[in-house]
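Student: Hi! Could you walk me through a structure I haven't met before?

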Amino acid sequence: MRFLAARPLAAIASLAALASPVLAEPILSSNSLNTCQDNSGFRASLFNVVYTPNNNTANVDIVAVSSIQGSVIFDVAISAYGYEFIRQKVDPCKVGLAGLCPMTAGKIPLNFNLPVSADAARQIPGIAYSFPDLDAKVRVFINLTDGASAGQSVACVEADISNGKTVDLLGVKWATALIAGLALTSSAFVSGLGHANAASHVAANALSLFGYFQAQAMLGLTAIPLPPVVMSWTQDFQWSVGIIRVEFMQDIFTWYQRATGGTPSTLFDSLTTVSVQVEKRAVDFADISMSLAKRSIAMMPRSVTEPVSVMTRSLAKRGNIQTGSGSFIVKGIQRVAFRAGIESTNLFMTSLIFFVILVIFTTLCVAAFKGLCELAVKRGWMKSDTFLDFRNGWFTVLKGILFRITLIGFPQMAILCLWEFTQNDSAAEMVLAVFFFFGMSITLGWAASKVIRIARRSVVMHRNPAYILFSDPQALNKWGFLYVQFRASAYYFIVPFLIYILVKSMFIAFAQSAGTAQAVGFIIVEAAALIGASVLRPWMDKSTNTFNIAICVMNFLNSIFLLIFTEVFNQPALVTGVVGVVLWIANAAFALVLLIMLIVTTIIVFFRENPDGRYQSMMDDRTSFMKSQTHLTATTELDALAATARGAKAGLDLDDDADSISSESIRRNERAGAASVNSHYGNPPRSPIDPAMPLFPADGRSSPAPGYARGYQDRAPSPFGNQGANLTPAFRAQNNSSPAGFRSASPWQRGAGYD
């Protein structure tokens with residue numbers, strides 16, 4: 001306790017740190033002195049304290065303003081994770097601090113080195129230097145000791161402590177991004193090799209994992225005060241929503257905003273003169289004479305002696321929260337931008353440009369792969385049937401890939417485009433926000449409606465939605481990104497999924513000033529998602545349903561944790577700190593399990609001779625429909641024979657909504673095909689297998705009469721058996737032959753050309 005009795009500022013300095021990644025020296029620091037009381041008479045616009053235990057010295061750099069006059073006493077409290085373990089009163093007159101005994105009004109600039117005694121250093125536990133994202137703070141109440149207000153608190157300040165250790169690691173970001181990206185790429189590669197079943201499983205799990213990463217990022221984007229470890233953990237996944245800092249790009253975005261009539265923020269340029277407080281507690285920072293200032297004014301360094309009344313309660317369309325002392329508080333989306341080193345006015349453009357880069361890069365990669373495949377086949381480096389489907393329909397495959405990227409990027413663009421509507425950083429950025437938000441929303445909505453129409457058409461024609469959804473290569477390659485992860489009967493589930501993403505995005509973007517509303521909204525949305533997933537179980541098989549339901553459970557638990565962080569239950573601060581650690585550990589373990597499962601699944605796919613054999617056949621029988629197009633040649637030949645007889649199209653044009661939309665149009669096509677056969681009776685049709693061979697041998701037997709088409713529709717005689725009973729009277733009269741005669745003349749029985 002001698003440490004607290006010696007110097008009041010040493011209580012703060014001894015728990016301060018600045019990380020040194022090169023030397024890994026144990027350090028404690030604090031870079032902001034926050035007020036924790038309404039009408040606080042002592043504020044600091046700049047506060048930097050660094051304590052180095054190796055030399056027991058604390059460097060203190062403070063620019064403060066005081067409106068207090070008279071003798072005071074400091075009531076110092078030190079706590080960690082909400083647990084207060086030291087409480088001591090200190091008289092500044094006994095330690096000889098100039099300007100604080102007695103305290104005088106005015107500006108107080110302090111910059112000095114403060115020695116810390118060995119006894120005081122021993123009171124700091126060793127874990128304080130090693131536990132990541134330490135949630136510790138020193139709070140000092142300044143109480144008057146004379147006059148009518150003796151014993152009353154006239155000011156309250158506190159400093160948050162960091163030890164430089166964090167879970168916000170660059171390695172975690174790269175590892176998660178590479179694993180998710182390689183899994184998606186591997187699924188496309190395996191699909192091109194013809195293993196559609198295995199590819200769909202890998203793609204479904206990779207997309208679900210990517211969605212979980214985005215859900216973690218969304219936690220950090222909420223305006224809810226978060227414990228330090230939760231802020232750092234969610235910061236690891238901000239790459240999934242395009243929040244990635246590149247220095248030269250930030251300069252371009254700042255120039256673009258100025259050129260289009262906007263006013264960029266310069267918060268990082270002001271860090272030498274003002275402090276930035278990262279909001280962590282709902283109660284601690286409750287209305288501390290804070291105001292919203294116009295960004296063009298608020299971003300400028302101002303004298304700490306400027307009257308608070310000038311700053312009081314000015315509301316701007318877009319502004320950072322600023323205290324009366326001139327320091328800033330960042331929360332929600334601005335908090336994420338500040339921790340990422342991005343000016344808040346550049347955040348929207350950063351996410352947008354990275355999405356555009358992803359689209360362009362993917363397009364170039366697909367086109368380059370197409371060219372390499374053709375070159376490899378031409379040079380004989382690769383078999384001609386390898387990636388045959390991709391090479392023949394690569395443009396349709398590219399469309400499907402771009403649709404999938406649109407689906408992946410929809411959460412980030414929905415959040416930041418809607419948020420940009422509230423910020424109005426510049427006219428050009430508003431236009432971009434409108435274009436991308438409504439463009440992507442309409443595109444995905446139209447694609448979802450297209451899938452529903454195709455599935456309903458398949459039900460009408462074949463009484464099974466899986467028939468066209470999975471048997472038609474064009475539908476599968478172009479629209480499969482929306483339904484391949486679901487069972488065929490749950491093709492519609494993409495619609496509630498898109499609504500789920502949109503509603504969450506609206507809560508994040510529009511409720512940045514209401515953290516409690518965001519927490520309640522998240523609970524409602526995540527509860528609905530969990531109930532829907534558990535009851536409907538829409539994914540393709542049991543393992544995939546388990547994978548996704550587990551993610552829904554974790555998202556729902558995280559939403560409950562968010563509500564606890566708002567402190568609406570008035571729980572002890574210790575509970576909030578412990579819950580933050582629990583959220584980090586639980587999500588870290590869960591993410592690790594998901595990553596391991598995805599890695600193992602992907603590796604097995606590449607090393608098994610038959611990757612599809614690892615997975616059971618889908619209950620919707622999609623596998624048989626897929627194989628019917630690539631492996632069952634006989635079925636294809638019979639389909640071609642039927643199409644020739646009907647005069648119908650070779651394939652179903654799923655992009656033509658006016659054609660084949662109902663059974664009536666199908667009957668019209670069949671009648672048109674029959675008329676075509678009758679009109680071309682003089683020139684008998686050719687075999688679809690060998691065009692040089694007539695479909696009906698010309699060896700003296702009569703050719704089909706004009707009524708043949710009608711007889712064919714009425715079950716014409718089959719060459720495979722006695723079907724004479726099904727012949728129509730008109731067919732018998734026109735051919736003047738018995739069923740047996742027709743059967744004996746059949747080339748399948750005589751063996752003419754088919755031996």
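Tutor: Happy to; we'll go through it topic by topic, and please keep in mind that this is a predicted model.

Student: Let's start with the strands. How many residues of strand β3 are buried?

Tutor: Strand β3 covers residues 42-52, and 9 of its 11 residues are buried, so the rest of the structure largely encloses it.

Student: Which strands does β3 pair with?

Tutor: One partner is strand β1, residues 28-30, which pairs with β3 in the antiparallel sense over 3 bridges. Another is strand β4, residues 57-66, which also runs antiparallel to β3 and is joined to it by 10 bridges.

Student: Can you give me some residues to look for?

Tutor: Sure. For the β1 pairing, look at L28, whose bridge partner in β3 is Y51. For the β4 pairing, V50 has N59 as its bridge partner in β4.

Student: And what do β3 and β4 form together?

Tutor: They form a hairpin, with 4 residues between the two strands. In that turn, N56 has a positive phi of about 50°.

Student: Which other residues have a positive phi?

Tutor: Among them is D133, with phi near 50°, a positive value in a residue other than glycine. D133 sits in the loop between α4 and β8, and it counts as buried because its relative accessibility is 10%. R537 is another non-glycine case, with phi near 45°, and its place is the loop between α19 and α20. There is also G341, which follows helix α11 and has a positive phi near 80°.

Student: You mentioned α11. Is that helix mostly covered or mostly open?

Tutor: Mostly covered: α11 spans residues 332-339, and 7 of its 8 residues are buried. Those buried residues are G332, I333, Q334, R335, V336, A337 and F338.

Student: New topic: aromatic rings. How many aromatic pairs are found in the whole structure?

Tutor: The search finds 20 aromatic pairs. Take Y81 and F131: their ring centres are 5.9 Å apart and their planes meet at 90°, so this pair is edge-to-face.

Student: Where do Y81 and F131 sit?

Tutor: Y81 is in the loop between β5 and β6, while F131 is in the loop between α4 and β8, so the pair ties together parts that are 50 residues apart in sequence.

Student: Are those two buried or exposed?

Tutor: Y81 is buried, with a relative accessible area of 17%. F131 is partly exposed, with a relative accessible area of 24%.

Student: Got another pair for me?

Tutor: Try F210 and W239. Their ring centres lie 5.7 Å apart with the planes at 75°, so this pair is edge-to-face. F210 is in helix α6, W239 is in the loop between α7 and α8, and the two are 29 residues apart, so the pair links distant parts of the chain. Both F210 and W239 are buried.

Student: Which residues are in the cluster with F210 and W239?

Tutor: Ring pairs link F210, Y212, F213, W233, F237, W239 and F590 into a cluster.

Student: What about the surface? Which residues make the nonpolar patch?

Tutor: F189, L193, I599, I603, F606 and F607 make a nonpolar surface patch of about 590 Å². Helix α21, residues 573-607, gives the largest share of the patch, 4 residues. F607 lies in that helix, α21, and it counts as exposed because its relative accessibility is 72%.

Student: Which residues does UniProt list as "transmembrane region"?

Tutor: The entry, which is unreviewed, lists residues 347-369, 401-421, 427-448, 490-511, 517-536, 548-569 and 581-607.

Student: How much helix is there in 581-607, and how far apart are its ends?

Tutor: In the model, residues 581-607 are 100% helix and 0% strand, with the end C-alpha atoms 39 Å apart. Residues 517-536 are likewise 100% helix and 0% strand, and their end C-alpha atoms are 28 Å apart.

Student: One last spot: where is D269?

Tutor: D269 lies in the loop between α8 and β10, and it is exposed, with a relative accessible area of 62%. Its C-alpha atom is separated by 10.0 Å from that of E343, although the two residues are 74 residues apart along the chain.

Methods:
Residues are numbered from 1 along each chain as its sequence is written. This is a predicted model: local features need pLDDT of at least 70, side-chain atom pairs count only at pLDDT 80 or more; totals for chains, interfaces and linings use all residues. Side-chain values use heavy atoms; hydrogens and water are left out. Patches are made of residues with over 30% relative accessible area and no salt bridge: like charges are joined within 9 Å, nonpolar side chains (Val, Leu, Ile, Met, Phe, Trp, Tyr) within 5 Å. Accessible areas come from the Shrake-Rupley method with a 1.4 Å probe; for residues, only the protein chains shown count as cover. A salt bridge is a side-chain nitrogen of Lys or Arg within 4 Å of a carboxyl oxygen of Asp or Glu. Buried means under 20% relative accessible area, exposed over 50%, partly exposed in between (1.4 Å probe, protein chains only). UniProt positions are given in the numbering used here, feature names are shortened, and annotations may be inferred rather than shown by experiment. Rings of Phe, Tyr and Trp (its six-membered ring) pair if their centres lie within 6.5 Å; planes under 30 degrees apart count as stacked, over 60 as edge-to-face and the rest as tilted. Two strands pair if DSSP finds at least two bridges between them.
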